[in-house]
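Before any electrostatic or surface analysis, it helps to set out which contacts and exposures can be read from the coordinates. The report below takes charged pairs before helices and surface.

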Amino acid sequence: MEKLAVKLSERLYQEKIIADDEREVYQYCIEVTISTVSYWASILICAVLLGKLWESVVYLGAFMVMRFCFGGYHASTHFRCALVSMASYGIFLTFIFLFPINSYGVFAVISWLITAVAGSSPNSTAPPPTKGS
């Protein structure tokens with residue numbers, strides 16, 4: 001991912017689309033975009049293969065809202081982030097298969113959890129500070 005992001009940001013610079021001092025920012029944004037698209041695609045592929053598309057779309061929507069509003073764990077690498085995210089989705093699927101309920105029930109439970117967490121969690125969408133800062 002990082003190599004592709006470096007190549008793409010370098011190409012943008014060579015084509016004079018971005019300035020030299022913007023390369024790092026673009027590289028980071030490209031890397032995050034590739035990581036995010038990969039995660040969403042893997043979730044949707046799993047959802048289709050397991051026949052749980054509707055439930056997974058609800059999960060992704062709730063996950064996105066919770067991450068945006070409340071922050072979350074920031075892994076040190078994209079691989080670890082993907083691993084933790086897929087583990088979270090795996091736990092969700094386990095509950096869906098063990099305790100089958102209708103789609104509206106899934107939405108209601110996730111909505112209730114978001115509401116419950118909203119009252120007690122600070123907004124921390126920024127990555128944690130590094131040592132020495």
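## The charged network

In this predicted model, D20 has a relative accessible area of 42% and is therefore partly exposed, since that value lies between the 20% and 50% limits. Salt bridges with shared partners join D20, E10 and R23 into one network. Within that network, the side chains of D20 and R23 meet with an N to O distance of 2.4 Å, and R23 also forms a salt bridge with E10, where the closest N and O atoms are 2.4 Å apart.

The pair of R23 and E10 links distant parts of the chain, for R23 lies in helix α2 and E10 in helix α1 (residues 2–14), 13 residues apart. R23 is partly exposed, with a relative accessible area of 23%, and E10 likewise counts as partly exposed, at 27% relative accessibility.

## The remaining salt bridge

The structure holds three salt bridges, and one of them is formed by the side chains of R11 and E15, with an N to O distance of 3.4 Å. E15 has a relative accessible area of 47% and is classed as partly exposed because that value does not pass the 50% cut-off for exposed residues.

## Helix α3

Helix α3 consists of 18 residues and spans 25 Å from its first C-alpha to its last, which is close to the 26 Å expected at 1.5 Å a residue. Its buried residues are E55, S56, V58, Y59, L60, A62 and F70, a list that includes the charged residue E55 as well as the aromatic residues Y59 and F70. Just after α3, G71 takes a positive phi of about 80 degrees.

An α-helix has 3.6 residues a turn, so residues three or four places apart point the same way.

## The nonpolar surface patch

Which residues make the nonpolar surface patch of about 500 Å²? The patch is made by W40, L44, V48, L53, V57 and M64, and the elements that give two or more residues to this patch are α2 (23–50) and α3 (53–70).

V48, one of the patch residues, has its place in helix α2. At 55% relative accessibility V48 counts as exposed, because that value is over the 50% cut-off. Helix α2 thus appears in both parts of this report, as it holds R23 of the salt bridge with E10 and gives two or more residues to the nonpolar patch.

Terms used
Residues numbered from 1 in each chain as written. Predicted model: local features only at pLDDT ≥ 70, side-chain atom pairs only at ≥ 80, totals over all residues. Heavy atoms only, no water. Patch = residues over 30% accessible without salt bridge, like charges linked within 9 Å, V, L, I, M, F, W, Y side chains within 5 Å. Areas by Shrake-Rupley, 256 points an atom, 1.4 Å probe, with all protein chains shown as cover. Salt bridge = Lys/Arg side-chain N within 4 Å of Asp/Glu carboxyl O. Helix = DSSP H or I, 4+ residues; strand = E, 2+ residues; numbered from the N terminus. Buried < 20%, exposed > 50% of the residue type's maximum accessible area, 1.4 Å probe, protein only. Expected span 1.5 Å × (residues − 1).
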